[in-house]
Every structure is written in structure tokens, then in C-alpha cells.
Amino acid sequence: MTHSLQDFNVAILVTDGFEQVELTDPRDALQQQGARTVVVSARRGPVQGMRHNDKGDRVEADLTFAEANPASFDAVLLPGGVINADEIRLHSQARAFVQAMHEAGKPLAVICHGAWLLISAGLVKDRKLTSWPSLADDLRNAGARWVDEEVVVDGRWISSRKPDDIPAFNRQLLRVFALARH
């Protein structure tokens, strides 16, 4: 099924240490459907990706957290990676960005450890989510209903556990994002 996302703007929030495939595969799927993706980070320039424990490729950050205006975006994607997820949650502007996107009712897609930012932003209470299994206690303690499933859709939120789940994650991400534009 094709989901046209022409002129649909997606912010991808990361810091150094993001899990590379959790950014590149969803980004590529979004771009194939016409979406514009913008990498947002603590600083402009190259951001280091990881392939599990090994350094991967770098991607260019187009905007900083301070420069990114949630009103300019239709959705947000939060890749995981332990280093990235642990760092990004400390940035108040990243927390404020996801809070503003949530308050505006815009779709939010998160995979693996990326849910740590949502916990720190105070957004997971009463949400049904999945994640990398080691975050289950963190999510439950923050009030979420954690489940061990390939992909979970809760309203306009899409969550997934790990790189192996990306095909299912991408299918739901494209579907929910396309529905949100109408």
C-alpha cells in the first residue's frame, strides 16, 4: 500500500551514538513516499551513528534543538541507540520539542531506547508502548503500559523494539503519518 507523504515534514531527533539503521531505514522509507526529513541535534554538522557497539556512519544535522520549531514539522521520529538515548534526554530543548509535538497532536514514532526521551519529557503516562526490553521497568515506572510486541500503535504514537522490527515499524509509521496528514 502506498502512503503519499509529499510535503510532509518529519524531524528526526538524535545525538552522537544513535543506532544507525534506526535512523536510516525509517528516513529512507519516509523519503520514498515524498516526506522531507530533517535531522535535528545538539549541534549542526556530523552526528555519529553506531552499528550496535561499533562506530557507523555520520549523518549531517540540519538544525539544532534550539533552532527547530515544532510548528514547522508534521511528525517526529526518535531513533534509539543507548548512547544517543541517554544523552538526548538531558537536553531541555529536545524534551520541549517532543512535548510541543505531542501537545499539538502530531505523530510520534520511537524505536528501541528512544523512549527514554519521552520518559524524561513526562509524556508516557497511560500510553501503550514497546521498546528495547531493558526499558520496560523505566516505562512502567513512568506510568506506561509496556508490551513486548514488534510494533505498537497507540493513537498517533508508533513504537518498536529493535532493528529487526524495522519493517513492521516502517509499515505502521507510513500508515499513521499518512492518516495524520488528512
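**A quick tour of the strands**

Okay, let's start with one pair of residues: Val 10, in strand β1, sits across from Ala 75 in β7. Before I go on, keep in mind that this is a predicted model.

So what surrounds that pair? Strand β7 covers residues 75-78, and β1 pairs with β7 over 3 bridges, in the parallel sense. β1 also has strand β3, residues 36-41, as a partner; that pairing is parallel too, with 5 bridges. If you want a residue to click on there, try Ile 12: its bridge partner in β3 is Val 39.

Now, why do we say β1 is largely enclosed by the rest of the structure? Well, the strand runs over residues 9-13, and 5 of the 5 are buried, meaning under 20% relative accessible area, so the rest of the structure largely encloses it. Look at which way the side chains go: Val 10 and Ile 12 point one way, while Asn 9, Ala 11 and Leu 13 point the other. Both sets are buried.

Okay, over to another group of strands. Here 3 strands make an open sheet with mixed pairing, and the order is β2-β4-β5. Which strands are at the edges? Those are β2, at 18-19, and β5, at 54-61, each pairing on one side only.

Let's finish on the β2 side. β2 pairs with strand β4, residues 45-51, through 2 bridges, and the sense is parallel. To find the spot on your screen, go to Glu 19, which is opposite Met 50 in β4.

That's my tour, thanks!

Methods
Residues numbered from 1 in each chain as written. Predicted model: local features only at pLDDT ≥ 70, side-chain atom pairs only at ≥ 80, totals over all residues. Heavy atoms only, no water. Pairing = 2+ DSSP bridges. Helix = DSSP H or I, 4+ residues; strand = E, 2+ residues; numbered from the N terminus. Buried < 20%, exposed > 50% of the residue type's maximum accessible area, 1.4 Å probe, protein only.
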